[in-house]
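Trainee: I would like to learn how to read helix packing and a few whole-chain features. Please take me through an example.

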Amino acid sequence: LRLKGTRSLHGDPSSALLEVLDPEQNGAFRDHFLNLPFNLSRVLFIATANERSGIARPLLDRLEMVELSGYTTDEKVAIAQTHLLPKQLARHGLRPGEIKISNQTLELLATRYTMEAGVRELDRTLAAICRAVAAEVAEELADDEEESPLQVSSVEQPAGTRAARGRSARSARRPARTAGAAAAAGEGTGEEGCATADTLVDAVAIAPPPPRPERAAVVLSAERARQILGPEKYEPEAAERLRTPGVSMGLAYTQVGGDLLFIESSRSPGSGKLVLTGSLGDVIKESATAALSWLRAHAFELGLVSSAGQDLLNATDVHLHFPTGGIPKDGPSAGVAICSALVSLFSGRLCRSDTAMTGEVSLRGHVLPVGGIREKVIAAHRAGLKHVILPERNRKDIAELPSKVLKELQFTFVTMVEEVLDLVLLAKDHAGDSGAGEPRGAPKADEGAGQERGPTALELPVSSPAAGGVSTPLCPAVI
C-alpha cells in the first residue's frame, strides 16, 4: 500500500484503511464493490509513505512505524560497485569488468549527478554510461566489418557437372543452407538420410561471425564521466571559512539526506524589526523569534549592551537570511544556530569554520533534542568538518552512525546555550586569523598562517556571544 492520503470523488482511502487495519473490525470486512465479506485478521499489510505528515492521526495509531533512513555516500558506492554496475553491464551486452569505475568516480556520480536518499537515480546514471560504452563497441565492430568484408569460405568442388557449378554460383550470391538444414529438408539426401556430395556443394557455408574480440577495459575517469553525462548537476554545500561575523553553520535534514545550512544575519538602522527570508515555514519563524527573545533578555550578561536596561534592538533592524531560497525550510531545530549568528553579529566575533551545530533553544536557554541526527552528522563529515555540537539528549543517536564517521568526528553534547557559545565562537583577537577554525582540506590563506585550532572549548568571558547548536530546519522539498 502507498499511503498518499489523497481524497477523490470515490472517497478517502484513509477511511477504508481504518477498518482494514483495525484488528477489532477486519475479521468481517465487507467489500462494498463485490458485496462479499472477507476475513483480514490474519493478513499482514505493509504500507509505505514518504512523509508522515500526510497520514491521518487515527490511521497512524493503527500502524507500527519503521523509519528507514537514506544511504550514506559510502553505502551508495558499495551498492553501485557490487550490484548496480554488474547489472547494467549485463543489460547492455557488455562483459563483466569491461567498464571499471573507481570508488572516487562513483562517489562523484553519487554526489554531483544525483540527489536522493536511495540509489535509483544512480542506477540510471550508470545505465547511461553503459549505453555510451556499448555504442562505442558497436561502432568499432561496424568499422571492422567494413575493413574486412565477409568472405565466402571455399569448398573444394568435385569435378563434375555444369549443374554443380551453377549451384555453386547461386550459393555464392545468396546465403546457403548448411548440410544439416538441407538434410532436415530432405533435399539431396541418400537412403540413409546422409548429405551427399551435391548437398555439400549446395551448402557452400558462410562461416558464422566470429565472437566479439576482446577489448581493453574502459576505465571511467571523472573527466570521461563528464564527457558522457555532461556538466555536474548538483553542487554539494561545502564547508566555508566564516570570515564575516553574523554567519553560523548549521545542519539540515531533507528528504534526500543531510546537508549544511548557513544562516546569515545583518543589522541596519530601524525600529527593532526582525526580517526573515529564505522560504521559511511557520515553525522556523517561531524559532527565530524565540532565539531573538532569549538574546535580548541576556544581552547584558553577554556584554552586548552597556547597561541592563538597554534594549539590544534599540533603533536597529535585524535581517536573518537562509540561503538557497528555492528550497522550503521548516522545523523547530534552528534556534541555536540563529542564536549563534545573532550573537556573532552583535559581538563582532566569528563562528568556527570547522564546527557545525544542531539543537533547538528554549526561552530559558535550554538546548532541546532534535531529529535526523544520523543524516546531519554524515553531512558534516562529508563536508570535511571536524566537530559537531549536539544536544545532550541526542547522545543515544550517535550509536546509529557508521564507525568511520565516529572515528573522524569529535562530538560535544550540551544542555545550555552558554555551553555552545564557549565552543563555537572565537575571541575577538582571532577575527583576523584566517586559518582559525578552517575545515580540513581547505586551502590556507598564506604559507605563514598558523595551524588550525582544534575544536576544544575556548575560555571566553561571560560577555562572549551566543552560538547555538543548529539543527537546520527540515527541508520538505529539495531540488
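Mentor: Start with the chain as a whole, keeping in mind that this is a predicted model. Of the contacts in the protein chain with a separation of 6 or more, 74% are between residues 24 or more positions apart. The chain has 14 helices and 14 strands, and buried residues make up 39% of its 479 residues.

Trainee: How is a pair of packed helices described?

Mentor: Two values are used: the angle between the helix axes and the distance between those axes. Here, α10 (residues 282-297) packs with α11 (residues 335-347) at an angle of about 45°, and the axes are 9 Å apart.

Trainee: Are α10 and α11 parallel or oblique to each other, and what is the handedness of the crossing?

Mentor: An angle of about 45° lies outside the roughly parallel range, which ends at 35 degrees, and below the roughly perpendicular one, which begins at 65, so α10 and α11 are oblique. The crossing of α10 past α11 is right-handed.

Trainee: Which residues in α10 and α11 meet?

Mentor: On the α10 side they are Ser287, Ala288, Ala291, Leu292, Trp294 and Leu295; on the α11 side, Gly335, Ile338, Cys339, Leu342, Val343 and Phe346. By class, the residues of this contact are 10 nonpolar, two polar and no charged.

Trainee: How many disulfides does a search of the whole structure find?

Mentor: Zero.

Trainee: Why does Cys130 count as buried, and what about Cys351?

Mentor: The cut-off for buried is under 20% relative accessible area. Cys130 is buried because its relative accessibility is 1%, and Cys351 is buried because its relative accessible area is 2%.

Notes. Residues numbered from 1 in each chain as written. Predicted model: local features only at pLDDT ≥ 70, side-chain atom pairs only at ≥ 80, totals over all residues. Heavy atoms only, no water. Axes fitted to C-alpha atoms, helices over the stretch in contact; angles between N-to-C directions. Helix = DSSP H or I, 4+ residues; strand = E, 2+ residues; numbered from the N terminus. Parallel < 35°, antiparallel > 145°, perpendicular 65-115°, else oblique. Left-handed = near helix turned anticlockwise from the far one by under 90°. Contact = heavy atoms within 4.5 Å. Nonpolar A, V, L, I, M, F, W, Y, C, P; charged D, E, K, R; others polar. Disulfide = S-S within 2.5 Å. Buried < 20%, exposed > 50% of the residue type's maximum accessible area, 1.4 Å probe, protein only.
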